[in-house]
Amino acid sequence: MFGTVKRIIRWCGEFKGKLYLGFLMTFLSHIFTALPLGLAAYTVGGLIEATVAGETPDASWIWKSILIQVALVFFRFLFDYFRARLQEPIGYRLTARDRLAVGDALKRVSLGYFDKVSTGNILNSITTGLGTLEGMGIRMIDNFVGGYLNFLVIFLVLLFFSPLTALIALAAAGLSFSAMLLISHYSKKNAPIEAQANRDMTGAAIEYARGLAVVKSFGKDGAAMDAVSRAIEDSKNIHLKIEWGYLPGNALHLLALKCGSVGLAMAAALMCLAGSMDFSVMLMFVFYSFSIFASLEPISDSAHTLGVIDDAMDQLDALKENHFIDADGKDITPEHFDIEFDHVNFGYDDRLVLRDVSLRIPEGSSTAIVGPSGSGKSTICSLIARFYDPQSGKIRLGGHDLREFTCDSLLANLSMVFQNVYLFHDTLRANICFGKPDATEEEMIAAAKKARCHDFIMALPNGYDTVVGEGGGTLSGGERQRVSIARAILKDAPIIILDEATAGIDPENEHLIQSAITELTRGKTVITIAHRLATIRSADQILVVNDGQIAERGTHEELLGQNGIYRRFTEIRKRAEGWQIEKA
């Protein structure tokens, strides 16, 4: 429990000063909470004693007492306000910082990380985990620290007037604290289980949402919901089991405090009857018996939440402390842009995909990569973009090993156009300017015109300010592809990677996209993965990949002169592209 409190304080970093100043405001607030009770007890005691003695109460003192109490209450809320101004923004600022840090960390890890860690786990950590820190972290630590500061203020008053009653209060607080240590231990043990149940439920929901089109097309709504239903049921059962586990410790905690309140009031009453305590002081002790433990009661919730927060911080650290693929990288601007593979081996887990691959792509040239499905074509492009690092061998850009670059300085030299285009749920303007946020209106429109998408964008209700659906779902496949090409044109990177950019596109859109690609690749180093002969035959060199190796290389004419894989490939493609319906 104390370890988590210290951890949260360390997490506050540059905001520690405001956090500590907030604790001071809390302490002063509790002083001004205790003073009105003491003054009220003194006033009521004086009135009762005067009435019993048959005397007329001093009316002026009553009004003075009321005014003083109003002033004390005002100062209490004033210090509460200062505390809130100091502490409440801390959690929101820190979680905003950490969410950005996690986003930066995810950008810099190998894509293999996402094969091992599910989207549900990442999403749960960023939303639920950081949401717990954002909404509860500072509040729980203030409840914890503030609760004991309130106890300390009243305890010192009790100690001044009657050490015996102070001892009773201390014993009750000690027993309560022991119960909370049990709660904290139980919470620390169960927080990872609870978090995993939440992650499983989030992952199941994401999987269901992503596969909904398939589910509907096969009429398997009920079957697809089974995983979600199981995750929800498991989450419910785990949370109920955890709550039942908290009951004994929480009951002991509350019992100790209630018994302490009763014991404190009884001790004060007996001392008053014995004549060892004034009636007004006895009333003050009775009043304090109701408030001394009031701020300690909610701490059982803090003890539980601190365990959850501790696990959330573990998740956050795990995300931020992953091995960055560019941890030792530097910002490098290469002087030229030739690409070289030097005896590269690479595989996913235990499956070797590329075997001893060596190749060279000269600056300003066009290279086509062909081969059967699963041969390693896309893997070569992923390695050039440093989505992964090879297990052995080297990949160089402009003479520099890719491991020398930071991800940002490397990717500044690359633009990639994929077969499956992803557009962000944002305006077309934001999607086109994604690679160059500071682009002018004229630059953006010029890129869109070159990509053959300006006309259809202007026909939309809000033009470039039209918001496209998530993934670009509100546009056709050809329109999405042209927007992605406009994005790449505007970035104006010296190296262009086209991964099946025209696959699955209808003939009308293919003509427009080919025109857009021509604009994109003019004067660039171009790497193309394609199966269409029209795209391949004009390349300066063609690399034929088979079973993870470069089986053949050369120009279209050179490879046709060999009785190899490429020649057989072109014959198959000619038959596939030249088919026609036979007339009856």
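# A walk through the predicted model

His454 touches Ile445, Ala448, Lys449 and Tyr464, leaving out residues up to four places away in sequence. That is one spot in a predicted model, and it makes a handy starting point. His454 sits in helix 15, which spans residues 454-458. Is His454 buried or exposed? Its relative accessible area is 16%. Buried means under 20%, so His454 counts as buried.

Now step back to Cys453. Its relative accessibility is 0%, so Cys453 is buried. Cys12 is buried too, and its relative accessible area is 0%. How many disulfides does the structure hold? The number is zero.

Two helices come next. Helix 14 covers residues 441-450, and helix 16 covers residues 477-491. Two packed helices are described by the angle between their axes and the distance between the axes. Here the angle is about 130 degrees, and the axes of helix 14 and helix 16 lie 8 Å apart. Helix 14 and helix 16 are therefore oblique to each other. Their crossing is right-handed. Which residues make the contact? Helix 14 brings Glu443, Met444, Ala447, Ala448 and Lys450. Helix 16 brings Ala486, Ile489 and Leu490. Ala448 has come up before, as one of the residues that His454 touches.

Turn now to the sheet. It is open and has six strands, in the order 6-7-8-3-9-10. The pairing is mixed. Strand 6 (414-418) and strand 10 (549-554) stand at the edges. Each has a single partner strand, so one side of each is left without a neighbour in the sheet. Neighbouring strands are turned by 15 degrees against each other on average, with direction ignored. Strands of a sheet pair through backbone hydrogen bonds, either parallel or antiparallel.

Strand 8 is a good place to look inside the sheet. It runs over residues 525-529, and five of its five residues are buried. In a regular strand the side chains alternate between the two faces of the sheet. Which residues of strand 8 point which way? Thr525, Ile527 and Ile529 point one way. Val526 and Thr528 point the other way. All of these residues are buried.

Strand 8 has strand 7 and strand 3 beside it in the order. Strand 7 (residues 495-499) pairs with strand 8 in the parallel sense, over five bridges. Strand 3 (residues 366-370) also runs parallel to strand 8, joined by four bridges. Ile529 of strand 8 shows both pairings. Asp499 stands opposite Ile529, and so does Ile369.

Strand 3 leads on to strand 9. Four bridges join the two, and they run parallel. Thr367 stands opposite Gln541 in strand 9. Strand 9 covers residues 541-546. How covered is strand 9? It is mostly covered, with five of its six residues buried.

The pairing changes sense at strand 10. Strand 9 and strand 10 run antiparallel, joined by five bridges. Ile542 stands opposite Gly554 in strand 10. Leu543 has Arg553 of strand 10 as its bridge partner. Strand 9 and strand 10 form a hairpin, with two residues between them. Asp547 lies in the turn and has a positive phi of about 55 degrees.

A helix lies across this sheet. Helix 11 (residues 377-384) lies across strand 3, strand 6, strand 7, strand 8, strand 9 and strand 10. Its direction makes an angle of about 150 degrees with strand 8.

The last stop is Gly347, in strand 1 (residues 339-348). Gly347 has a relative accessible area of 8%, so Gly347 is buried. Which residues does Gly347 contact, leaving aside its neighbours within four places in sequence? They are Leu352, Val353 and Gln391. Pro390 is 43 residues from Gly347 in sequence. In space, the C-alpha atoms of Gly347 and Pro390 are 7.8 Å apart.

Notes
Residues numbered from 1 in each chain as written. Predicted model: local features only at pLDDT ≥ 70, side-chain atom pairs only at ≥ 80, totals over all residues. Heavy atoms only, no water. Disulfide = S-S within 2.5 Å. Buried < 20%, exposed > 50% of the residue type's maximum accessible area, 1.4 Å probe, protein only. Pairing = 2+ DSSP bridges. Contact = heavy atoms within 4.5 Å. Axes fitted to C-alpha atoms, helices over the stretch in contact; angles between N-to-C directions. Parallel < 35°, antiparallel > 145°, perpendicular 65-115°, else oblique. Left-handed = near helix turned anticlockwise from the far one by under 90°.
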